[in-house]
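Here are some notes for a colleague who is going through the coordinates. They are set out as numbered points, to be read with the model open alongside.

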Amino acid sequence: MQDTGRSRAAVIGLGSMGLGMALSLRRAGFEVPGCDLSAAAVERLVAAGGTGAATPAEAAAGADIVVSVVVNAAQTESVLFGEAGCAAAMPQGAVFISAATMAPEAARGLAERLAASGRHYLDAPISGGAQRAAEGALTILASGSAAAFASARPALDAMAAKLYELGDAPGTGAAFKMVNQLLAGVHIAAACEAIAFAARQGLDIRKVYEVITASAGNSWMFENRIPHVLDGDYAPRSAVDIFTKDLGIVMDMARSGKFPVPVAGAALQMFLMTAAAGMGRDDDASVARLYAQIAGLDLPGAPKEG
């Protein structure tokens with residue numbers, strides 16, 4: 001690999017998204033130390049030319065850029081300020097890029113705490129899935145100070161096909177992401193309801209998929225998730241529990257702002273019921289399996305009785 005002279009960019013959280021982002025940074029010439037609770041995930045980064053670190057602090061030492069790809073605000077706070085957190089280990093003037101989905105006020109609070117220590121915080125939730133992460137083709141919804149953007153830009157260029165610069169206030173990117181998650185959750189729930197409804201009508205659901213993806217009722221989520229149902233493959237690309245969390249945040253924001261979100265609320269209940277049925281860690285298309293259980297339908301890959 002040709003050395004581009006770029007800096008050290010640490011990645012905290014090497015799941016399907018974080019590992020792809022780390023590999024994109026490595027291809028762009030960054031030195032990439034990485035940290036994850038899974039030793040296997042760290043080993044995959046090392047095999048691709050990165051280096052392993054035992055803690056966020058160890059990964060962040062000497063890094064001009066730290067990319068955090070964890071699940072929520074609580075995990076982000078732990079990464080920054082917990083035991084062996086990275087905030088104190090980051091050089092002065094370094095930037096922390098937070099990709100977690102969280103409420104806007106949580107992002108603002110974390111940004112204020114980090115800024116007080118002389119480091120920058122970029123609120124930068126992501127969209128696009130694991131494949132786009134690995135291709136360096138994510139959509140990033142970012143907000144933060146001009147200094148945070150300037151420090152983060154080389155890494156953002158390596159990880160994103162589309163970068164939306166949404167203002168200088170952390171929390172704005174988080175708010176945009178919650179609009180996306182409201183729609184994503186509703187669309188997944190609707191897609192699963194529709195394919196189960198089709199199965200109840202005795203239709204060939206593979207033909208239904210072919211017809212609907214060429215019709216006005218199609219959505220990106222129908223096109224992306226229903227193949228999981230057709231194949232009976234519920235290995236988690238994005239888990240049910242992600243949407244119980246994210247739609248829960250939407251409901252909290254709506255309640256706080258006295259704004260009605262009844263469609264999002266109905267979708268949240270479907271994800272909660274699916275999780276309660278033991279499928280919380282399975283692919284979010286498992287909502288279709290819940291409908292199948294309720295209605296006594298046979299879907300591909302469903303366990304047979306007897």
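1. Strands, as the word is used here, are DSSP runs of E of at least two residues, and they are numbered from the N terminus. On that footing S98 belongs to strand β5, which covers residues 95–98. The model is a predicted one, and what follows should be read with that in mind.

2. Is S98 buried or exposed? S98 counts as buried because its relative accessibility is 0%, where the cut-off for that class is under 20%. The side chain of S98 is in polar contact with the side chain of Y121, at 3.3 Å. When neighbours within four places in sequence are left aside, the residues touching S98 are S68, T76, Y121, L122, D123, A124 and P125, so that Y121 appears both as a contact and as the polar partner.

3. The domain assignment divides the protein chain into domain 1, residues 9–169, and domain 2, residues 175–295. Their centres, taken over C-alpha atoms, are separated by 28 Å, and the contact draws twelve residues from domain 1 and twelve residues from domain 2.

4. How much area is buried between domain 1 and domain 2? The figure is about 930 Å², and carbon and sulfur atoms give 68% of that area. On the side of domain 1, T101, P104 and L166 supply 43% of the area buried against domain 2, which is more than any other three residues supply.

5. As to the chemistry of this interface, the rule finds zero salt bridges across domain 1 and domain 2, whereas three residue pairs are in polar contact, both residues of each pair being at pLDDT 80 or more. The side of domain 1 that touches domain 2 consists, by class, of eight nonpolar, three polar and one charged residues.

6. The salt-bridge count by this rule comes to ten, and one of these pairs is E77 with R113, whose closest N and O atoms are 2.7 Å apart. The pair links distant parts of the chain, since E77 sits in helix α4 (residues 73–81) and R113 in helix α5 (residues 104–115), 36 residues apart. E77 is partly exposed at 36% relative accessibility, and R113 is likewise classed as partly exposed, at 41%.

7. Another salt bridge joins the side chains of R206 and D231, at 3.1 Å from N to O. Because R206 lies in helix α9 (residues 205–212) and D231 in helix α10 (residues 220–231), this pair ties together parts that are 25 residues apart in sequence. R206 counts as partly exposed, with a relative accessibility of 46%.

8. Which residues of α10 are buried? They are M221, F222, R225, I226, H228, V229 and L230. A general point helps in reading such a list: an α-helix has 3.6 residues a turn, so residues three or four places apart point the same way. The buried residues of α10 pack against α8 (172–200), α9 and α13 (287–295), and α9 is also the helix that holds R206, the salt-bridge partner of D231.

9. What follows α10 is G232, whose phi is positive, near 60°. A further salt bridge pairs R237 with D233, the closest N and O atoms being 2.8 Å apart. R237 counts as partly exposed at 45% relative accessibility, and D233 falls into the partly exposed class at 29%.

Key:
Residues numbered from 1 in each chain as written. Predicted model: local features only at pLDDT ≥ 70, side-chain atom pairs only at ≥ 80, totals over all residues. Heavy atoms only, no water. Domains from an automatic or database assignment. Contact = heavy atoms within 4.5 Å. Buried area = accessible area lost by both parts, 1.4 Å probe. Salt bridge = Lys/Arg side-chain N within 4 Å of Asp/Glu carboxyl O. Polar contact = N/O pair within 3.5 Å; in protein donor to acceptor, adjacent residues only side chain to side chain. Nonpolar A, V, L, I, M, F, W, Y, C, P; charged D, E, K, R; others polar. Helix = DSSP H or I, 4+ residues; strand = E, 2+ residues; numbered from the N terminus. Buried < 20%, exposed > 50% of the residue type's maximum accessible area, 1.4 Å probe, protein only.
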